[in-house]
Amino acid sequence: MSVVWLRAATICYSLGLLHALLAVFRKRSESLFRVALGSFYTGVVLQVVSLVERSIARGRLPANDFFESVALCALLIALLFLLVYCGIGIKAWGCSFFRWFSC
């Protein structure tokens, strides 16, 4: 059953990908940003539910095989993004990174 939650989280994350693609091809995509961010939050919650359900079923933290470790890494990256976004408010890490090194 945890795979169902993980697939639902993937669908939610795909809206964030859609926002990123629209931001690359169009300059303004602010109307979609709120929807994409809400969907991203929902995806993180669903991925946490999947991780907890799998942990309960296995009796340990699911980080033993490739599938489990990739899912755990993806969750940690998503949580890191939310931490930085809520703390600093950076929407695009790449733009800020290249501004630091531009002359």
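The largest cavity in this predicted model is lined by Leu6, Gln47, Ser50, Leu51, Arg54, Pro62, Phe67, Glu68, Ala71, Leu72 and Leu75. About 80 Å³ of space lies inside the largest cavity, and a search of the whole structure turns up one cavity of 30 Å³ or more. By character, the lining residues split into seven nonpolar, two polar and two charged. Where do they come from? Helix H2 (30-58) and helix H3 (66-88) each supply at least two residues of this lining, and H3 gives the most, with five residues.

Let's turn to the aromatic rings. A search of the whole structure finds two aromatic pairs, set out here:

| Pair | Centre to centre | Angle between planes | Geometry |
|---|---|---|---|
| Tyr13 and Phe40 | 5.3 Å | 50° | tilted |
| Phe40 and Phe81 | 5.3 Å | 80° | edge-to-face |

The pair of Tyr13 and Phe40 ties together parts that are 27 residues apart in sequence, because Tyr13 lies in helix H1 (residues 2-25) and Phe40 in helix H2. The pair of Phe40 and Phe81 also links distant parts of the chain, with Phe40 in helix H2 and Phe81 in helix H3, 41 residues apart. Through these ring pairs, Tyr13, Phe40 and Phe81 are linked into a cluster.

Is Phe40 buried or exposed? Its relative accessibility is 17%, so Phe40 counts as buried, the cut-off for that being under 20%. Phe81 has 19% relative accessibility and therefore counts as buried too.

Conventions: Residues are numbered from 1 along each chain as its sequence is written. This is a predicted model: local features need pLDDT of at least 70, side-chain atom pairs count only at pLDDT 80 or more; totals for chains, interfaces and linings use all residues. Side-chain values use heavy atoms; hydrogens and water are left out. On a 1 Å grid over the protein atoms alone, a cavity is a set of points where a 1.4 Å probe fits but cannot get out, and a pocket is an open set with protein on both sides within 12 Å along at least five of seven lines; lining residues have an atom within 4 Å of a point. Grid points are joined across faces, edges and corners, and a volume is the space filled by probe spheres set on the points. Helices (H or I, at least four residues) and strands (E, at least two) are DSSP runs, numbered from the N terminus. Ala, Val, Leu, Ile, Met, Phe, Trp, Tyr, Cys and Pro count as nonpolar, Asp, Glu, Lys and Arg as charged, and the others, Gly among them, as polar. Rings of Phe, Tyr and Trp (its six-membered ring) pair if their centres lie within 6.5 Å; planes under 30 degrees apart count as stacked, over 60 as edge-to-face and the rest as tilted. Buried means under 20% relative accessible area, exposed over 50%, partly exposed in between (1.4 Å probe, protein chains only).
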